[in-house]
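Here is a walk through a small set of charges, helices and contacts. Have the viewer open while you read.

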Amino acid sequence: MSDEFLFMNYLLEKYATYRGMTAGEVLREWDSHDITQKIYDCYWQYHTERIENAFIDIDSLLASGKHAW
């Protein structure tokens, strides 16, 4: 498995805990907003910063479809 894939699973689980949801619910939400690939593509930024920065960006993607930065 790639580092990106492993991190995506980690991020999904952490974000689910942050939102009080299951990982499956979060993934369905991301898919319904068509942002799953955008999140996956942000590996190089997300994995070098605090996980909370990724949460802020994902919340922005869900709300507006745009990155927070």
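## Charge pairs first

Glu 52 sits in the in-between class for accessibility: with a relative accessible area of 37%, Glu 52 is partly exposed. Keep in mind that this is a predicted model. The partner of Glu 52 is Arg 50, and the closest N and O atoms of that salt bridge are 3.5 Å apart.

How many salt bridges does a search of the whole structure find? The search turns up two. Besides the pair with Glu 52, there is a salt bridge between the side chains of Arg 19 and Glu 29, at 3.1 Å from N to O. Arg 19 belongs to helix H1 (residues 3-19) and Glu 29 to helix H2 (residues 23-32), so this pair ties together parts that are 10 residues apart in sequence. Arg 19 is partly exposed, at 33% relative accessibility, whereas Glu 29 counts as buried at 18%. As background, side chains of opposite charge can pair when their charged atoms come close.

## The two helices to look at

H1 and H5 both come with a span that you can check against the ideal rise of 1.5 Å a residue.

| Helix | Residues in helix | First to last C-alpha | Expected span |
|---|---|---|---|
| H1 | 17 residues | 24 Å | 24 Å |
| H5 | 14 residues | 20 Å | 20 Å |

In H1, the buried residues are Phe 7, Met 8, Leu 11, Leu 12, Tyr 15 and Ala 16. What covers them includes H2, helix H3 (36-41), H4 and H5. An α-helix has 3.6 residues a turn, so residues three or four places apart point the same way. Phe 5 lies in H1 too, but Phe 5 is partly exposed, with a relative accessible area of 38%. The C-alpha atoms of Phe 5 and Tyr 40 are separated by 8.0 Å, though the two are 35 residues apart along the chain. After H1 comes Gly 20, with a positive phi near 70 degrees.

H5 has its own list of buried residues: Ile 51, Ala 54, Phe 55, Asp 57, Ile 58, Ser 60, Leu 61 and Leu 62. These pack against H1, H2, H3 and H4. Just after H5, Gly 65 takes a positive phi of about 80 degrees.

## The core

The largest nonpolar core holds 20 residues, and Leu 11, Tyr 15, Trp 30, Ile 39, Tyr 46 and Ile 58 touch the most other members. Two or more residues each come from H1, H2, helix H4 (43-46) and helix H5 (51-64). In soluble globular proteins, nonpolar side chains tend to be buried together.

Tyr 46 is a good place to zoom in. Leaving out residues up to four places away in sequence, Tyr 46 touches Phe 7, Leu 11, Ile 39, Ala 54, Asp 57, Ile 58 and Leu 61.

## A buried acid without a salt bridge

One name among those contacts of Tyr 46 is charged: Asp 57. Asp 57 is in helix H5. Which side chain of opposite charge is nearest to Asp 57? That is Lys 38, 9.5 Å away, and Asp 57 is buried yet has no salt bridge. A salt bridge needs nitrogen and oxygen within 4 Å, so a gap of 9.5 Å doesn't qualify.

What Asp 57 does have is a polar contact of 3.3 Å with the side chain of Trp 69. Beyond four places in sequence, Asp 57 touches Cys 42, Tyr 46, His 67, Ala 68 and Trp 69.

Two other H5 residues fill in the picture. Ser 60, in helix H5, is buried with a relative accessible area of 18%. Apart from neighbours within four places, Ser 60 is in contact with Gly 65, Lys 66, His 67 and Ala 68. Ile 56 is also in H5 but counts as partly exposed at 49% relative accessibility. The C-alpha atoms of Ile 56 and Trp 69 are 9.5 Å apart, with their positions 13 residues apart along the chain.

## One backbone oddity

Most residues other than glycine have a negative phi. Asp 34 is not a glycine, yet has a positive phi of about 55 degrees. Asp 34 sits in the loop between H2 and H3 and is exposed, with a relative accessible area of 64%.

Technical notes:
Residues are numbered from 1 along each chain as its sequence is written. Side-chain values use heavy atoms; hydrogens and water are left out. Helices (H or I, at least four residues) and strands (E, at least two) are DSSP runs, numbered from the N terminus. Buried means under 20% relative accessible area, exposed over 50%, partly exposed in between (1.4 Å probe, protein chains only). A nonpolar core is a set of buried Ala, Val, Leu, Ile, Met, Phe, Trp, Tyr and Cys residues joined through side-chain atoms within 4.5 Å. Contact means heavy atoms within 4.5 Å. The expected span of a helix is 1.5 Å times one less than its number of residues. A polar contact is a pair of N or O atoms within 3.5 Å; within protein, one must be able to donate a hydrogen and the other to accept it, and residues adjacent in sequence count only if both atoms are side-chain atoms.
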